[in-house]
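Trainee: I have a new structure open on my screen and would like to learn how to read it. Could we go through it together?

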Amino acid sequence: MTYLVTGGAGFIGANFVKYMLAKYSDIQIIILDSLTYAGNLGTLSEELKEARVKFVKGDICDSIVTDKIFSENTIDYVVNFAAESHVDRSIENPQIFLQTNILGTQNLLDTAKKYWTTGKDDNNYPIWKEGVKYLQVSTDEVYGSLGDEGYFTETTPLDPSSPYSAAKTGGDLIVKAYGETYKMPINITRCSNNYGPYHFPEKLIPLIIRNILEGKKLPVYGDGSNVRDWLYVEDHCKAIDIVVNKGRIYEVYNIGGHNEKKNIDIVKLVISTIHDIMEKEPQYRSVLKKKELLSDGTIDISWMNNDLITFVKDRQGHDQRYAIDPAKISTELGWIPETMFDKGIVKTIRWYLDNQEWVEEVTSGNYMKYYDQMY
Ligand code: NAD
Ligand code: DAU
């Protein structure tokens with residue numbers, strides 16, 4: 001089987017590539033990524049050495065690029081991760097979000113349709129090649145915001161709040177339309193907030209980790225009471241694999257871990273977890289930028305406490321609460337989240353402590369300009 005993985009140099013896409021290569025020895029992966037600020041080939045340095053992995057630098061909106069990929073390769077599955085993914089950036093500059101998340105999706109669908117259809121049936125519907133599928137990786141943000149109660153199910157009305165989520169909703173709707181109008185074999189998955197290795201430090205958890213290591217203030221929007229439903233990235237990758245291979249075509253599957261946390265609690269947990277690791281394993285203190293020595297010669301970490309938290313202006317249109325009901329994917333396809341949050345967060349923090357070179361690499365360039373504008 002050959003997978004076209006778009007956005008494979010980003011956070012979840014790269015984790016998916018790693019997961020699939022480790023799980024299956026008989027698949028090929030073509031990665032299409034335009035390497036925006038969020039894409040990083042260093043993340044895939046080992047994978048790119050493999051003969052069964054090809055990388056194409058290109059834009060999902062560019063039909064010349066996508067046509068070339070389909071004409072030169074027999075693609076069985078498209079898994080579309082490519083997107084502008086950060087809500088705060090979408091508030092500043094919506095246009096690129098509409099471009100990539102809607103028009104890029106439509107271009108991928110059109111290219112796949114061109115190469116995956118062999119004619120028309122009596123009712124004028126395209127005849128599709130056996131076994132092919134297009135999977136759109138989407139988000140719980142398309143459902144908008146919840147109050148204190150309730151969960152998003154697959155039938156919750158779409159009600160996006162930000163330019164990012166509106167653009168993702170547009171992408172979902174065009175995918176659904178190709179399923180309805182052309183009988184294209186599609187699935188849409190809608191996942192809650194992911195965390196784990198290779199997460200770009202503009203997003204809450206990796207930003208907080210990085211700021212602690214730099215000895216900087218930790219910006220919490222509003223009063224920190226907003227709730228997100230966190231899922232370890234590998235569990236998301238497993239769910240996507242299951243939906244590609246077993247999901248009923250035309251269906252939407254929600255993915256989430258029943259793991260709701262307030263932002264303020266996440267930030268406090270990250271502080272205390274880093275503190276605990278550095279208390280028990282003082283060698284990790286060398287990662288800190290702030291290296292004040294105590295009289296016994298060890299690096300001081302007494303400043304690493306909740307006083308680092310600073311409440312800043314709220315995000316415009318900030319959704320209050322997300323929470324996914326994953327009953328459909330669990331009962332129909334047997335997927336369950338395997339990584340408990342207390343284990344996953346420690347694994348994630350340790351990964352960042354051990355991979356500071358990766359953080360340095362992705363935060364060189366324009367990152368600081370963005371950071372200084374935001375905070
Ligand atoms: P990311 O920003 O880390 O990565 C996006 C990748 O897409 C980058 O490698 C970037 O270079 C690439 N890209 C952007 N525009 C492109 C274009 N026009 N052509 C080709 N490549 C392009 O995002 P992520 O967090 O890995 O999210 C991946 C997908 O999963 C997105 O579609 C997002 O909406 C969805 N999602 C994310 C989360 C989450 O918590 N991060 C949760 C649910 C769904
Ligand atoms: O729910 C899925 C979505 O999760 C994905 O579709 C998005 O691509 C992904 O970016 C993520 O969106 P969020 O807006 O929820 O993630 P972010 O990490 O930006 O913010 C998480 C929460 O933390 C949110 O309530 C805003 C808050 N926040 C964020 C940052 C960056 C802060 O309080 N301070 C910060 O500095």
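Trainee: Let's begin with the open sheet of 7 strands: what is the strand order, and how do the strands pair?

Mentor: To read a sheet, walk across it from one side to the other. In this predicted model, the walk goes β3-β2-β1-β4-β7-β8-β12, and the pairing is parallel.

Trainee: Which strands stand at the edges?

Mentor: Look for strands with a single partner. Here these are β3 (53-57) and β12 (252-255), so each has one side left without a neighbour in the sheet. Ignoring direction, neighbouring strands of this sheet are turned against each other by 20 degrees on average.

Trainee: Could you show me one pair up close? How many bridges join β1 and β2?

Mentor: The two strands pair in the parallel sense over 5 bridges. For a landmark, find Thr-6, which stands opposite Leu-32 in β2. Then look for a helix against the sheet: α5 (residues 163-182) packs on it, touching β7 and β8 (186-191). The direction of α5 makes about 155 degrees with that of β7.

Trainee: Now the sheet of 3 strands. What is its order?

Mentor: The same walk works here. The order is β9-β11-β13 in an open sheet, and the pairing is mixed. β9 and β13 (260-262) are the edge strands, each pairing on one side only. From one strand to the next, the twist averages 50 degrees.

Trainee: Over how many bridges do β9 and β11 pair?

Mentor: Over 3 bridges, in the parallel sense, with β11 covering residues 227-232. Asn-193 stands opposite Trp-230 in β11. Helix α7 packs on this sheet, touching β9 and β11, and its direction makes about 70 degrees with that of β11. Helix α8 (residues 263-280) packs on the sheet as well, touching β11 and β13. The direction of α8 makes about 85 degrees with that of β13.

Trainee: Let's turn to a single helix. How far does α1 reach, from its first C-alpha to its last?

Mentor: You can check a helix by setting its reach beside the expected value. α1 has 13 residues and reaches 19 Å, close to the 18 Å expected at 1.5 Å a residue.

Trainee: Which residues of α1 are buried?

Mentor: Among them are Phe-11, Ile-12, Phe-16, Val-17 and Met-20, and Lys-18 is buried too. The next step is to ask what lies over them. The cover includes β1 (2-6), β2 (28-33), β4 (77-80), β9 and α7 (233-246).

Trainee: And the ligands? How many residues surround ligand 1?

Mentor: For a ligand, count the shell, then see which elements supply it. Ligand 1 has 30 residues around it, the closest being Gly-7, Gly-10, Ala-38, Gly-39 and Ala-83. At least two shell residues each come from α1 (11-23), α4 (95-116), β7 (133-139) and β9 (193-195). The largest share, 3 residues, is from α1.

Trainee: What kinds of residue make up the shell around ligand 1?

Mentor: There are 13 nonpolar, 13 polar and 4 charged residues.

Trainee: Which residues come nearest to ligand 2?

Mentor: Of the 19 residues around ligand 2, the nearest are Ser-85, Thr-139, Lys-203, Leu-204 and Tyr-221. The elements giving two or more residues to this shell are α6 (204-214) and β10 (218-221). β10 gives the most, with 3 residues. By kind, the shell around ligand 2 divides into 7 nonpolar, 7 polar and 5 charged residues.

Definitions and conventions. Residues numbered from 1 in each chain as written. Chains lettered and ligands numbered in written order. Predicted model: local features only at pLDDT ≥ 70, side-chain atom pairs only at ≥ 80, totals over all residues. Near = placed C-beta within 6 Å. Helix = DSSP H or I, 4+ residues; strand = E, 2+ residues; numbered from the N terminus. Nonpolar A, V, L, I, M, F, W, Y, C, P; charged D, E, K, R; others polar. Expected span 1.5 Å × (residues − 1). Buried ≥ 20, exposed ≤ 12 C-beta atoms within 10 Å, placed from the backbone. Contact = placed C-beta atoms within 7 Å. Pairing = 2+ DSSP bridges. Axes fitted to C-alpha atoms, helices over the stretch in contact; angles between N-to-C directions.
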